[in-house]
Every structure is written in C-alpha cells, then in structure tokens.
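Hello,

Here is the structure I promised to pass on to you. Please open it alongside this email, and then read on for what turned up in it.

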Amino acid sequence: MDVFGLIGNPVGHSLSPPMHEAAYEALDLDARYVTFEPQPDDLEHALAGAAALGISGLNVTIPFKQDVLEYVEADALASRIGAVNTIDFSGDVPTGHNTDAIGAVRSLREHDVPLEGADAVVVGAGGAGRAIAFGLADEGASVTICNRTASKALALSEDVPDASGGGLEDLEGAIADADLLVNATSVGMEADETPVPAGALHEDLAVMDAVYRPLETRLLREARAAGATTVDGAWMLLYQGVDALERWTGETAPVDSMNDALRSRL
Ligand code: NAP
C-alpha cells in the first residue's frame, strides 16, 4: 500500500483526504491519504521519519511551506516562489514542488481564460499571491500585484518577470484595463467582505478567487453581477491536488471524481 498525506498545523479541516481518496478509489489504487500535525519545531524529524517509513508523498500546508525548502531538493519553480506544497519521496532525496501555481493556471485554462499577453491583477502578496503571480507570469501575462502592505507587493514584483506592484489604492486603476483579476488575500473567508470595490469590476474581466470557503464569495457575486466570468477557489484547490497526484502516481487524475468529492464537502 502507498501512503500519501498532508503535513501542516492545523490540518483538521483539510479537504485533501477525501479528494485524494476519491481518486485512489476511481483508479483502483491501493493507497491511503493521511494527515500529520507535527509541532512546528519538529519539522525536520517529521520529514526524516516520513522518508524512513516509506511514505510516498506529502502535501505541505501552513506553517511549513517555506521551512520545508531547507530539507528537500526544490525544483526551479518552487525555489523561485520560495514555497513547497508537494514533496515526492520516490527518488534518492525528497524533492519539493509547488503545485499551487499550476493549480491556479490550470483552473483558468479550464475556464477558457486566455493568459498569454493578458493584463492580470493579483490582490495579495502572501503565499497564494506569490504562487499565482509566478504562475501567471510564466504563462505570458503582465502581472500587477496590489497588497494591503504595499512594500510586500513591490518586493514580489521585483522577483516576478514583467510585474509591477503597489498598494490597495492602486487597485481600481489597475483593474480598469485588466483582463484578469485574482483575489489571493484571505478577505471574504471570515465575513462577507471583498478587497475589491464593486464599481471597479467590469464585463471584460475574468475574476478568480483563491478563497474557497465560502465557494461564492462577495467578490465573485459582485463580479458575476458586473457581467464578468468567474472562477471559484475550489478549482485551484482541485488542480493543485490533481497535479500532485499525477506527479506521485504517474496516472492521469480522475478529475471529475476528485471534484465531486471536494464540492460535496463545501
Ligand atoms: P497569507 O500568506 O497569510 O497571505 C494573506 C494575504 O491576505 C496577504 O496578502 C495579506 O495582506 C492579505 N490580507 C489579509 N487580511 C487582509 C485585509 N483585511 N485586507 C486586505 N488584505 C488582507 O495567506 P495565503 O496562504 O496567501 O492564503 C490567502 C488565501 O488564499 C486564503 O484564504 C487561503 O485559504 C487561500 N488559498 C487558497 C488556495 C486554493 O487552492 N484555492 C491555495 C492557497 C491559499 P498583508 O500582506 O498586508 O498582510
């Protein structure tokens, strides 16, 4: 039996176990997906233990996504983003990958949102914002990053090709001519709030929210009312899992089974 899992703290409400186990069932794989919650200062021992026990792959979540870089051989994209969300233990040394970036890109592609040459605005410069900004830029989009703490957006824009950065006061101006807007802040999760003024939204825009609880955030509701194309955050969650599963197993992921398992719990 292959054992995969998620390492983070906390991991209690994760949707990854049912999503991955639905895939194992559909593919008839003898595998399990388990959550692990080590104390933050036990990360090194936890990863050495996982390797020694023959665990095949781990997803990584808060607070370990950055710290894991110290203990794995990160690929080029994960190194540029500065975060790992997927570890593959199949080689001589564990390798680290970032499937959040491809998850965001694939969500947009599956909704026929063109990225090459697009003007994209990313709100937020935390972990999700970093991954999404690199993902979009690598697909040929020009990215404007706006963040509450403007200095973080400016610093990120120096790392991302063809990007610029600013504060939330720059958001309306940036959105006016944009093709794509992505919310990568946590605003919309705790309360029915949005980081984007409704008046800035327009029908030539595709709007993706990284927030997936609730599925229909205020931003997506207002974007739909403005005539924009909308993509909810469960798509990004789905496709980061799809990419991890395909990397670990070499199988083509049963996307519909994984999507059903995810959405039935949201
Ligand atoms: P993070 O690293 O903690 O970053 C949080 C971001 O939100 C920062 O840019 C922060 O701005 C901004 N922010 C927080 N409160 C704000 C407020 N009141 N007004 C304006 N901006 C605010 O978190 P993260 O890991 O990037 O996650 C961000 C969101 O993405 C979460 O909701 C998470 O669940 C979601 N996410 C979804 C997926 C998916 O697969 N769908 C994957 C990863 C994350 P400052 O820098 O100014 O603090």
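Which residue does the side chain of Lys65 meet in a salt bridge? The partner is Asp100, with 2.9 Å from N to O. Before going further, please keep in mind that this is a predicted model. The Lys65–Asp100 pair links distant parts of the chain: Lys65 sits in the loop between S3 and S4, while Asp100 belongs to helix H4 (residues 99-110), 35 residues apart. The two ends also differ in their surroundings. Asp100 is buried, at 11% relative accessible area, whereas Lys65 is partly exposed, at 21%.

**The sheet and its helices**

A good place to get your bearings is the open sheet of 6 strands, which has mixed pairing and the order S2-S1-S3-S5-S6-S4. Strand S2 (31-36) and strand S4 (73-74) form its edges; each has a single partner strand, so one side of each has no neighbour in the sheet. The partner of S2 is strand S1 (residues 2-7), and these two pair in the parallel sense over 6 bridges. If you want one pair to look for, Phe4 has Tyr33 in S2 as its bridge partner.

Two helices are worth finding next. Helix H9 (residues 233-249) packs on the sheet and touches S1, S2, S3, strand S5 (86-88) and strand S6 (95-97). The direction of H9 makes about 5 degrees with that of S5. Helix H1 (residues 16-27), for its part, lies across S1, S2 and strand S3 (57-60), and runs at about 170 degrees to S2.

**Aromatic rings**

How many aromatic pairs are there? The count comes to 3. In one of them, the ring centres of Phe4 and Trp248 are 5.0 Å apart; their planes are at 25 degrees, under the 30 degrees that counts as stacked, so this pair is stacked. Phe4 in strand S1 and Trp248 in helix H9 are 244 residues apart, and the pair thus links distant parts of the chain. Are these two residues buried or exposed? Phe4 counts as buried at 2% relative accessibility, and Trp248 is buried too, with a relative accessible area of 12%. Tyr24 joins them, as ring pairs link Phe4, Tyr24 and Trp248 into a cluster.

Trp235 and Tyr239 make another stacked pair, with ring centres 6.4 Å apart and planes at 20 degrees. Both residues are in helix H9, where being 4 residues apart separates them by about one helical turn. Tyr239 counts as buried, at 5% relative accessibility. Trp235 has a further contact to look at: the charged end of Arg263 sits over its ring, 4.4 Å from the centre.

**More salt bridges**

The Lys65–Asp100 pair has company, as a search of the whole structure finds 11 salt bridges. Among them is the one between Asp138 and Arg80, whose closest N and O atoms are 2.9 Å apart. Asp138 is in helix H5 (residues 127-138) and Arg80 is in helix H3 (residues 76-81), so this bridge ties together parts that are 58 residues apart in sequence. Both ends count as partly exposed: Asp138 at 40% relative accessibility and Arg80 at 36%.

Helix H5 also holds Arg130, whose side chain meets that of Asp159 in a salt bridge of 3.4 Å, N to O. Asp159 lies in helix H6 (residues 150-159), so the pair ties together parts that are 29 residues apart in sequence. Here again both ends count as partly exposed, with 45% relative accessibility for Asp159 and 22% for Arg130. Finally, Arg106, Glu110 and Glu246 are linked in a network of salt bridges.

**Strands S7 and S8**

There is one more pair of strands to show you. Strand S7 (residues 119-123) runs parallel to strand S8 (residues 142-146), and 5 bridges join the two. Within this pairing, Ala120 has Val143 in S8 as its bridge partner. Why is S7 described as largely enclosed by the rest of the structure? It is because 4 of its 5 residues are buried.

Enjoy exploring it!

Best wishes

Methods
Residues numbered from 1 in each chain as written. Predicted model: local features only at pLDDT ≥ 70, side-chain atom pairs only at ≥ 80, totals over all residues. Heavy atoms only, no water. Pairing = 2+ DSSP bridges. Contact = heavy atoms within 4.5 Å. Axes fitted to C-alpha atoms, helices over the stretch in contact; angles between N-to-C directions. Phe/Tyr/Trp six-rings, centres within 6.5 Å; stacked < 30°, edge-to-face > 60°. Buried < 20%, exposed > 50% of the residue type's maximum accessible area, 1.4 Å probe, protein only. Lys NZ or Arg CZ within 6 Å of the ring centre and 35° of its normal. Salt bridge = Lys/Arg side-chain N within 4 Å of Asp/Glu carboxyl O.
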